[in-house]
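Trainee: Could you show me how to read a protein sheet and a pocket, step by step?

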Amino acid sequence: MSDVMSFLPFVGVFAIMYFLLIRPQQQRQKQLRNELKSLRRGDRIVTAGGIIGVVQKSREDTNEVEVEIAPNVRVMVLRDTITTVLTSTAKPANDVEKAKK
């Protein structure tokens, strides 16, 4: 019986790690996969290299996406290198509304 009691803290630590670390990461990855499948023209994205661009052409049968990174500058990126899909309703991180006096 004491062997089982000494094993319980390890089970508890694993359960805590699962619910705090592993499960949320799996949910974020699933959400990103769904967003990458539904990419369309006009979506803003961030690549693994930190490049922010706007999707110009996306076909489901290929793994490449055409992205405009500057006016009249278009590059092809792999879908797997896209880390974040920014929506048009998302605010930039440095956008703060000024308080009215």
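Here is a short talk about the strands and the pocket of this predicted model.

Trainee: How many strands does the sheet have, and what is their order?

Mentor: Start by listing the strands as they lie side by side. Here the open sheet has five strands in the order S4-S3-S2-S1-S5, and the pairing is antiparallel.

Trainee: Why do S4 and S5 have one side without a neighbour in the sheet?

Mentor: S4 (73–78) and S5 stand at the edges and have a single partner strand each, so one side of each is left without a neighbour in the sheet. On average, neighbouring strands are turned by 40° against each other, direction ignored.

Trainee: Which residues stand opposite each other in the paired strands?

Mentor: Take the pairs in turn. S1 (residues 44–47) and S2 (residues 52–58) are joined by three bridges, with Val46 partnered by Ile52. Four bridges link S2 to S3 (residues 64–70), where Val55 stands opposite Val67. S1 also pairs with S5 (residues 82–86) over four bridges, and there Arg44 faces Leu86.

Trainee: What lies between S1 and S2 in their hairpin?

Mentor: Look at the residues linking the two strands. There are four between S1 and S2, and Gly50 in this hairpin has a positive phi near 90°.

Trainee: What space lies in the largest pocket, and which residues are closest to its centre?

Mentor: For a pocket, read the volume and then the lining. The largest pocket holds about 180 Å³. Twelve residues line this pocket, and Arg40, Asp43, Val85, Leu86 and Thr87 are the closest to its centre. By type, the lining has three nonpolar, four polar and five charged residues.

How values were computed: Residues numbered from 1 in each chain as written. Predicted model: local features only at pLDDT ≥ 70, side-chain atom pairs only at ≥ 80, totals over all residues. Heavy atoms only, no water. 1 Å grid on protein atoms, 1.4 Å probe; cavity = no way out; pocket = protein on both sides within 12 Å on 5 of 7 lines; lining within 4 Å. Points joined across faces, edges and corners; volume = space filled by probe spheres on them. Nonpolar A, V, L, I, M, F, W, Y, C, P; charged D, E, K, R; others polar. Pairing = 2+ DSSP bridges. Axes fitted to C-alpha atoms, helices over the stretch in contact; angles between N-to-C directions.
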